[in-house]
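This report walks through one structure for a reader at the bench. It begins with an annotated position, then turns to the domains, the strands, the ligand shell and a few backbone details.

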Amino acid sequence: DGALPMLIAPPALSTAPLEVPHRLLMGPGPSNVPARVLAAAGLPLLGHMHPQYLKIMDECQAWLRYAFQTTNELTLAVSGSGHAAMEAGIANLVEAGDPVLVAENGLWGERVSDIADRYGAEVKTTKVAGGEVFTLGQIEEELRRHRPKLLFLCHGDSSTGALQPLVGMGELCHKYGCLLFVDCITTIGGVPVFIDKWGIDVAYTGAQKVLNVPPGASPITFSPRAVQRIASRHSKVGSFYLDMTLVGRYWGVGGPRIYHHTGLISNVYVLREGLALLAEEGLEAAWARHRQSVDTLHAGLERMGLQLFVKEKAHRLPTVSTVCVPAGVKWDAVSKFIMEKYSMEIAGGLGPTAGKVWRIGLMGANANPANVTLVLAAMEDALRHVGFLRR
Ligand code: PMP
């Protein structure tokens, strides 16, 4: 009959609708998604150039400017997880041969060094141990020595639990003709961030952490200084997909709208809902709620005889806590027990903290008294189970 024989048979898998377990995600992300946000993922698709969809993009932009505390025109959400925004920053601001200074105190600095190297930057690094942060004095010395065009700092390093102070960093960079590029993935919405006031030139965040949104569209903002730097490039941006001048045009910045790539539609719906919830609560209230939740968590953990990895209290990241695994305790036995008995995620370490800590996230809606009580109870039960606590 002319039909060709099938070369690949359908896989022997159940075709019943997908089911997944409910889990309390108390690790460093993703976090749980509120019902209203999740429901938006099920709304019908619109065309990516339909006026109704463009209006949703505009609303996202306006709420993002609030979340970032910026008037930056070039503020949008990159299509991709946090790494896409990280790469977008480097791809647009760096040209081959440019000196770039990366402050490395955890995994994220290392990642940025790798990405900058791939785009041909002359990468210089300055380091402190995991759990520690950089001082203005140390950064100034490095700026003077390397004269970089770009400095990277991670505001909240989820691999170590350190919160990098940023006040004064922007001014310092500008004094040396350098732009400031900051990872705010674990901080926007949970910790005070003032992009304009602090002189940050490029900052990005992710959807799936404090914003309680499924991963996919990652917010990023560029200062007029950064836009100027992009406009004066000698070479094309090395990534078409992440060329912010073109992506900006799709978001209505810098000229009439153009089609660049198909917008993430459903991911933008959910981002809109997450940002609306943040605006409804207000940044100050959200910051205070994270502060109270983490203070209660830390006090409870210390009462159990556990120690926090970041020694300096002021440098502890409120959204991701790193808790030292005591000698003789296997971190994964504790996490596994908590997952099996409580269906709750408590993560292990990453990069410099691998095998040394547990990472407990209090992100967005997950930062509440009920969850803190549950985490403490689950940790206590698990620590009895592994024999660290006696009855
Ligand atoms: N930076 C930080 C501080 C992060 O915590 C993460 C996510 N763990 C990333 C960057 C990367 O984001 P994503 O996994 O969404 O690509």
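The UniProt annotation "binding site", taken from an unreviewed entry, covers Arg359. The model discussed here is a predicted one, and in it arginine 359 lies in strand E14, which spans residues 357-361. Is arginine 359 buried or exposed? Arginine 359 is buried, because 26 other C-beta atoms lie within 10 Å and 20 or more are enough for a residue to be counted in that class. When its neighbours within four places in sequence are left aside, arginine 359 is in contact with Gly27, Pro28, Gly161, Val320, Thr322, Ala347 and Gly349.

**Two domains**

The domain assignment of the protein gives domain 1, made up of 24-29 + 282-385, and domain 2, which covers 35-279. The C-alpha centres of domain 1 and domain 2 lie 27 Å apart. The contact between them takes 24 residues from domain 1 and 25 residues from domain 2. On the side of domain 1 that touches domain 2, the elements that give two or more residues are helix H10 (283-303) and strand E11 (320-324). The residues of that side of domain 1 divide into 12 nonpolar, 9 polar and 3 charged.

**Strands E5 and E8**

Strand E5, residues 150-154, is mostly covered, with 5 of its 5 residues buried. Both faces of E5 are covered, since Leu150, Phe152 and Cys154 on one side are buried, as are Leu151 and Leu153 on the other. Strand E8, residues 179-183, pairs with E5 in the parallel sense over 5 bridges. E8 is likewise mostly covered, and 5 of its 5 residues are buried. On E8 the buried residues are Leu179, Phe181 and Asp183 on one side and Leu180 and Val182 on the other, and both faces of the strand are covered.

E5 is also joined to strand E3 (residues 99-104) by 3 bridges, and these two strands run parallel. E8, for its part, is joined by 3 bridges to E9, again with the strands running parallel. Which residues stand opposite one another across these pairings? The table sets out some of the partners.

| Strands | Residue | Partner |
|---|---|---|
| E3 and E5 | leucine 101 | leucine 151 |
| E5 and E8 | leucine 153 | valine 182 |
| E5 and E8 | cysteine 154 | aspartate 183 |
| E8 and E9 | phenylalanine 181 | valine 202 |

Read together with the burial of the strands, the table shows that cysteine 154 of E5, a buried residue, has aspartate 183 of E8 as its bridge partner, and aspartate 183 is itself buried. Leucine 153 is also buried, and its bridge partner in E8 is valine 182, which is another of the buried residues of that strand.

**The ligand shell**

How many residues surround the ligand? There are 15, and the closest are Ser81, Gly82, His83, Ser158 and Ile185. Helix H3, which spans residues 82-93, gives the most to the shell around the ligand, with 3 residues. By class, the residues of the shell divide into 6 nonpolar, 7 polar and 2 charged.

**Backbone details in three loops**

Most residues other than glycine have a negative phi, and most peptide bonds are trans. Against that background, three places in the loops may be worth a look. The peptide bond from glycine 29 to proline 30 is cis, with omega near 0°, and proline 30 has its place in the loop between strand E1 (24-25) and helix H1 (35-40).

Glutamine 69, a residue other than glycine, has a positive phi, near 55°. The place of glutamine 69 is in the loop between helix H2 (51-68) and strand E2 (74-79). Glutamine 69 counts as partly exposed because it has 17 C-beta neighbours inside 10 Å.

Asparagine 212 also has a positive phi, near 55°, and is found in the loop between strand E9 (202-204) and strand E10 (217-222). Is asparagine 212 buried or exposed? Asparagine 212 is buried, because 28 other C-beta atoms lie within 10 Å, whereas glutamine 69 is partly exposed.

Conventions. Residues are numbered from 1 along each chain as its sequence is written. This is a predicted model: local features need pLDDT of at least 70, side-chain atom pairs count only at pLDDT 80 or more; totals for chains, interfaces and linings use all residues. A residue is buried if 20 or more other C-beta atoms lie within 10 Å of its own, exposed if 12 or fewer, and partly exposed in between; C-beta atoms are placed from the backbone. Helices (H or I, at least four residues) and strands (E, at least two) are DSSP runs, numbered from the N terminus. Two strands pair if DSSP finds at least two bridges between them. A residue is near a molecule or strand if its C-beta atom, placed from the backbone, lies within 6 Å of it. Ala, Val, Leu, Ile, Met, Phe, Trp, Tyr, Cys and Pro count as nonpolar, Asp, Glu, Lys and Arg as charged, and the others, Gly among them, as polar. UniProt positions are given in the numbering used here, feature names are shortened, and annotations may be inferred rather than shown by experiment. Two residues are in contact if their C-beta atoms, placed from the backbone, lie within 7 Å. Domain bounds come from an automatic or database domain assignment.
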